[in-house]
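Student: I should like to test some structural statements against the criteria behind them. Please take me through the reasoning.

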Amino acid sequence: MATNTSFQLFSSSKDKPSLGLGFLESSEPQLPPPPPSVEVLSSEVSSSVKYTVEPVNLDGLTLLKGRVSTKEVLGLPNSDLVPGIYEGGLKLWEGSLDLVKALRSEIQNGCLSFEGKRVLELGCGHGLPGIFACLESAAEVHFQDFNAEVLRCLTIPNVNANLLEKAKPETVSEVRFFAGDWGEIHQLLPHARESEINLTSSSEHGQASAYDVILMAETIYSISAQRNLYGLIKKVFLYRVIQPLLLIVNS
Ligand SMILES: C[S@@+](CC[C@H](N)C(=O)[O-])C[C@H]1O[C@@H](n2cnc3c(N)ncnc32)[C@H](O)[C@@H]1O
């Protein structure tokens, strides 16, 4: 998985892009302007929204996941997502569980280590892959979601619940939380460049400021978001210094 993973958003065909399952194809609605990008501090965790916690068993590894009401958090009916307003972070999607299992298996096989790494989880929602990176001694784990409310009401409580219970005190990761659209969030991310790098060039331009590992699961389902996500990856990914790992899980 790790070393030769290629990243392809668009098919090489000149015709239509080749899209995986779950994409919202053609006639996408005109979206409202995205919410402003903000860093959400751990101390801004919501105390007003009811958060209950339950265990999730991942082939022998138990993590904790919270449950909150979409109506209570966002004032929206319990829908999976509302494009441009709420992008699905309050639901735990199957792909993020598969991603944790795949990462764990790579570590067990000696193909991956998070130790000392700078990790970014894009489209985190519950944030279980990023939490797993913390438990595996990543130096920094930064969580991004479209909605600040998701971070305040779900991601931060999830991180707290899991790390208080399981993290090794000697290897506490620096965790930070960022809300906003992929088209703009690089302006806030601590390890991002202002301009994109060419992922195919041998240049090491901008290598000092980037993430070692980018994690994301079930994030790409809208054609309009693809270019922004690809552009963001080119601004935040450390290339040709540590072997890049890019694993995208969509179910
Ligand atoms: C379907 S949810 C998946 C959540 C989580 N990764 C999981 O698997 O449970 C999609 C995630 O991508 C994020 N997302 C989708 N479109 C986005 C956009 N245009 N800009 C920023 N984040 C976006 C959402 O905030 C949400 O966290």
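Tutor: The model is predicted. Just after α2, G110 takes a positive phi of about 80°.

Student: How do you know that the length of α2 agrees with that of a helix?

Tutor: Helix α2 runs over residues 94-108, which makes 15 residues. The expected span is 1.5 Å times one less than the number of residues, so α2 should span 21 Å. Its end C-alpha atoms are 21 Å apart, and the two values therefore agree.

Student: Which residues of α2 are called buried, and what makes a residue buried?

Tutor: Buried means under 20% relative accessible area. In α2, this applies to G95, S96, L97, L99, V100, L103 and E106.

Student: Why is the approach of D181 to the ligand called a polar contact?

Tutor: The criterion is a pair of N or O atoms within 3.5 Å. A polar side-chain atom of D181 lies 3.1 Å from a nitrogen atom of the ligand, so the pair qualifies. Backbone atoms also take part: a polar one of W182 is 3.1 Å from a ligand nitrogen, and a polar one of F146 is 3.0 Å from a ligand oxygen.

Student: What makes a residue part of the lining of the largest pocket, and which elements give two or more residues to it?

Tutor: A lining residue has an atom within 4 Å of a pocket point. There are 39 such residues, with E87, F146, W182, T219 and Y221 nearest the centre. The elements that give two or more are α3, β5 and α5, and α5 gives the most, with three residues.

Conventions: Residues numbered from 1 in each chain as written. Predicted model: local features only at pLDDT ≥ 70, side-chain atom pairs only at ≥ 80, totals over all residues. Heavy atoms only, no water. 1 Å grid on protein atoms, 1.4 Å probe; cavity = no way out; pocket = protein on both sides within 12 Å on 5 of 7 lines; lining within 4 Å. Helix = DSSP H or I, 4+ residues; strand = E, 2+ residues; numbered from the N terminus. Buried < 20%, exposed > 50% of the residue type's maximum accessible area, 1.4 Å probe, protein only. Polar contact = N/O pair within 3.5 Å; in protein donor to acceptor, adjacent residues only side chain to side chain.
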